[in-house]
Amino acid sequence: MTEALSQAAAFDYLIVGAGFAGSVLAERLASVGGRVLVVERRPHIGGNAYDCYDDAGILIHPYGPHIFHTNSKDVFDYLSLFTEWRPYQHRVLANVEGQLVPMPINLDTVNRLYGLNLTSFQLEDFFASVAEPVEQVRTSEDVVVSKVGRDLYNKFFRGYTRKQWGLDPSQLDASVTARVPTRLNRDDRYFADTYQAMPLHGYTRMFQNLLAHPNIKVMLQTDYREVQRLIPHDHLIYTGPVDAYFDHCYGKLPYRSLDFRHETHDVEQLLPVGTVNHPNDYAYTRVSEFKHITGQQHRQTSVVYEFPQADGDPYYPVPRPENAELYKRYQALADAEPDVTFVGRLATYRYYNMDQVVAQALTTFRKLQGEPVESQST
Ligand code: FAD
Ligand code: UDP
């Protein structure tokens, strides 16, 4: 073998992680002739969006309920190349003072909770009368009390947030609780996005289709560090936690974790809607029933309870100023790595939904192709 041949890279790209970020980039790069190796530590593709059938034969999401929603036609059209869809609009009830009321807070929530009979117009006045003036909305407490006042904040947000994050809402960026809107009407959908649908045959099938290109090889149950030096490649795409890539050299970036308790019940339906939130009771934040979400017919039903944890698999970046500062230091190191691209929720330390990760991966692909791209807006 000639020197040149023995040194030629076997792969153009080594991609770490087979979640949305890694799989979308693998597909895009393979589609333009790139030879791609995806290395995934877990025994399956799909990252946290992975789904599978449990022992009872019910399609579940082992890493918690994943509901797809987006306002981006580009993202929806792109994923539609790899899956058909089942329209699904998620609904959530919150268990507050013994009642199950709609969350996000809407007209019915307030009327039922306080025994009122307000119209939408009157609700606007009601909120104005209870809202606390906040000069500059900075924290997750500010966002809520400045809109719906202290009592609704205490009933719906304070306890849930303290459980979910191990922090008081006053210690978290406004963006966290701002994910949940307040409504003056009776719309009881959790999301208001233009596109709301579930992959018809599940997420894993969609990921199989994304990764089906002959230019893509997938290696499961492998940490990239085990093979990085053994397998020649020109460029690394990294979708794991950014601090782990740099051996936590500036200290650990906080990621919030969850324990999941999965249960199967001998009834057709356990909950009235897809998810019931428990802001003030129990160690878990919410319980979700998969058959609502997937539309599966089955004589039994499977649910999952989410118990927030400080330690464990990294699931959520924790949006607060000191973490943003620490992330910036890692980001500077990442920017200085010429042959490595960092993409995804953990690698860019952003509290992104699935569609935002897909959008980020599509933008990253265009950048890698040398196309001019506007700076990230999401
Ligand atoms: P991941 O899915 O985390 O993929 C990264 C992959 O990299 C992982 O599979 C990991 O094993 C692998 N990896 C890491 N380090 C290494 C290594 N050293 N070597 C090899 N492999 C490695 N979004 C929504 O839009 N709707 C929802 O309803 C929703 N619900 C959610 C519920 C929960 C409980 C959670 C935690 C998240 C939810 N999300 C939801 C967010 C969604 O999961 C993420 O936006 C998306 O999955 C992120 O994709 P990713 O590729 O960036 O990361
Ligand atoms: N939240 C809350 N009460 C609720 C629902 C949400 O306080 O009943 C807050 C909480 O801080 C949570 C954040 O709003 O982490 C975002 O909620 P979302 O449902 O978007 O969280 P995710 O699905 O990402 O876990």
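Biologist: In this predicted model, how far apart do the C-alpha centres of domain 1 and domain 2 lie?

Modeller: The C-alpha centres of the two domains are 38 Å apart, and where they meet, the contact draws on 4 residues from domain 1 and 6 residues from domain 2. On the domain 1 side, the touching residues comprise 3 nonpolar, no polar and 1 charged.

Biologist: Which stretches of the chain make up each domain?

Modeller: Domain 1 is assembled from residues 3–45, 211–252 and 318–368, while domain 2 covers residues 107–177.

Biologist: In what order do the strands of the open sheet stand?

Modeller: As a general idea, the strands of a sheet pair through backbone hydrogen bonds, in either a parallel or an antiparallel way. Here 7 strands follow the order β8-β7-β13-β14-β15-β12-β16, and their pairing is mixed. Because β8 (99–103) and β16 (316–317) each have a single partner strand, they stand at the edges, and one side of each has no neighbour in the sheet.

Biologist: How many bridges join β12 and β16?

Modeller: Strand β12, residues 255–265, pairs with β16 over 2 bridges in the antiparallel sense, and R256 is found opposite Y316 of β16. Helix α6, residues 140–165, packs on this sheet, where it touches β7, β8, β12, β13 and β15, and its direction makes about 100° with that of β7.

Biologist: Which residues are closest to ligand 1?

Modeller: Ligand 1 is surrounded by 33 residues, the closest being G17, G19, G47, G240 and G344. Helices α2 (20–31) and α13 (354–368) are the elements that each supply two or more residues to this shell, which by class holds 16 nonpolar, 11 polar and 6 charged residues.

Definitions and conventions:
Residues numbered from 1 in each chain as written. Chains lettered and ligands numbered in written order. Predicted model: local features only at pLDDT ≥ 70, side-chain atom pairs only at ≥ 80, totals over all residues. Near = placed C-beta within 6 Å. Helix = DSSP H or I, 4+ residues; strand = E, 2+ residues; numbered from the N terminus. Nonpolar A, V, L, I, M, F, W, Y, C, P; charged D, E, K, R; others polar. Pairing = 2+ DSSP bridges. Contact = placed C-beta atoms within 7 Å. Axes fitted to C-alpha atoms, helices over the stretch in contact; angles between N-to-C directions. Domains from an automatic or database assignment.
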